[in-house]
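Please open the model in your viewer and keep the selection panel at hand. The stops below say what to select next and what is there.

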Amino acid sequence: MKLSQFKFDLPENLLAQYPAKNRDECKLMVVNAMTGEIEHKIFKDILQYFDDGDVMVFNDTKVFPARLYGNKEKTGARIEVFLLRELNSDNKFWDVLVEPARKIRIGNKLYFGPDESMVAEVIDNTTSRGRTLRFLYDGPHDEFKEALFALGETPLPPYITRPAEPADHERYQCIYAKNEGAVVAPAAGLHFSRELLKRLEIKGVDRAFLTLHSGRGNYREIDVEDLTKHRMDSEDMEVTGDLVDTVNAAKDAGKAVCAIGTSVLRALATSVCMDGHIMPTKGWTNKFIFPPYEFSVCTSMVSNFHLPYSTMLMMVCAFGGYDLVMKAYQEAIKNGYKFGAYGDAMLILRAKP
């Protein structure tokens, strides 16, 4: 498929700047890929579509406050630093993006905080915007991380044009988030409240967790028309033996397996082995999923409504069928659904593989 096939006109007022007041009360569009039927519900109605023994798979990655603002030595120029990942905990090396990149050179020092007590030195240029910083901090690593993150903001997506607020620290985080490492929240999971999770548990729906640390590459523009030539940024992931046992047992029993978000769908697809089951997997994935694609594990998925040309939209189209998903997106626009991480949700139901 071609990049241009994932273009649609999205009114700016449908880009959600804030989440629903209650996590589980956003709109939910239910798309039946077997019949083509589209229903309009509230998210907590998702309970109606799952039964005893079915499995929902969640991404338990935890977003850290990745956006910092510092001042360059001598000139005092304001520099935005976006933390991507820690490269070396002993030496306090971090892979970062900087803006404006043209003002930063190897050897420059940056000062953070109201008293400029946090200092970093640029030690490498990795890309046109990327840099490696060494933070100059004397003290235990845990103390350093706490001090660094205290200076950071919640890394809201670029299409959320307002400044981050203190409340975003909780709102832009799944309630079951556990393993720190993401700069992009697994948005489909943001809709699950403690009450909804409890109701699913009472109904007998099993929960399983994997970890995929979603990175800034989710927002990188695709610059090729031929999608087979696009290369995804790699992301760190782990699918444990416990999750493998739960998902494979449900699959063998003919139960539903639901991926909560595109990051889960991607991790499970990375973990599939020859017989259509999944296996324990730990490492990096740069798997790029777009139509057509054969899924052998999941019978359903939950996703937010994604922006034009995005790799997440392509993955959803691969799962639900290009024509049906694009039709559903037009219906979402017509009915005022909100798009983006703080927007509304879609549940896609498919036949069992």
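Select strand S16, residues 300-304, together with S17, and you will see in this predicted model that the two strands pair in the antiparallel sense over five bridges. To fix the register of this pairing, pick Val302, whose bridge partner in S17 is Leu347.

Keep S17, residues 345-349, selected and add strand S1, residues 27-32, which pairs with S17 in the parallel sense over five bridges. A convenient marker for this second pairing is Asn32, which stands opposite Leu349 in S17.

Now show the side chains of S17 itself, where five of the five residues are buried. Ala345, Leu347 and Leu349 point one way from the strand, while Met346 and Ile348 point the other way, and all of them are buried.

From here, go back to S16 and step into the loop that lies between strand S15 (281-285) and S16, where Pro292 is found. Is Pro292 buried or exposed? Its relative accessibility is 80%, and because exposed residues are those over 50%, Pro292 counts as exposed. If you draw a distance from the C-alpha atom of Pro292 to that of Phe58, a residue 234 places away along the chain, the viewer should give a separation of 24 Å.

Next, select strand S6, residues 78-88, and S7, residues 93-99, which pair in the antiparallel sense over seven bridges. Within this pairing, Val81 has Val98 in S7 as its bridge partner. The two strands form a hairpin with four residues between them, and in the turn you can pick out Lys92, which has a positive phi of about 60 degrees.

Add strand S10, residues 130-136, to the selection, since S7 also pairs with S10 in the antiparallel sense, over five bridges. Here Trp94 stands opposite Leu133 in S10. S7 is mostly covered, with five of its seven residues buried.

Stay in this region and centre the view on Phe135. Which residues does Phe135 touch, not counting those up to four places away in sequence? Its contacts are Leu83, Asn91, Lys92, Trp94, Phe112, Met118, Val119, Ala120, Phe144 and Leu148. Phe135 also belongs to the largest nonpolar core, which has 119 residues, and it is one of those with the most contacts inside that core, along with Met56, Val81, Leu83 and Phe339.

Follow the chain past S7 into the loop that leads to strand S8 (109-112), and select Asn108 there. The relative accessible area of Asn108 is 13%, and since buried means under 20%, this loop residue is buried. A polar atom of the Asn108 side chain lies 2.7 Å from the backbone nitrogen of Arg105. Leaving aside neighbours within four places in sequence, Asn108 is in contact with Lys72, Glu73, Lys103, Ala120, Glu121 and Val122; Ala120 is also among the residues that Phe135 touches.

For the last stop, turn to the empty space inside the model. Rolling a probe the size of a water molecule over the atoms shows where such space is left. How many cavities of 30 Å³ or more does the structure hold? There are two of that volume or more, and the largest cavity contains about 40 Å³ of space. To locate the largest cavity, select the residues that line it, namely Val63, Phe64, Pro65, Thr154, Pro155, Asp168, His169, Tyr172 and Gln173.

Definitions and conventions:
Residues numbered from 1 in each chain as written. Predicted model: local features only at pLDDT ≥ 70, side-chain atom pairs only at ≥ 80, totals over all residues. Heavy atoms only, no water. Buried < 20%, exposed > 50% of the residue type's maximum accessible area, 1.4 Å probe, protein only. Polar contact = N/O pair within 3.5 Å; in protein donor to acceptor, adjacent residues only side chain to side chain. Contact = heavy atoms within 4.5 Å. Core = buried A, V, L, I, M, F, W, Y, C linked by side-chain atoms within 4.5 Å. Pairing = 2+ DSSP bridges. 1 Å grid on protein atoms, 1.4 Å probe; cavity = no way out; pocket = protein on both sides within 12 Å on 5 of 7 lines; lining within 4 Å. Points joined across faces, edges and corners; volume = space filled by probe spheres on them.
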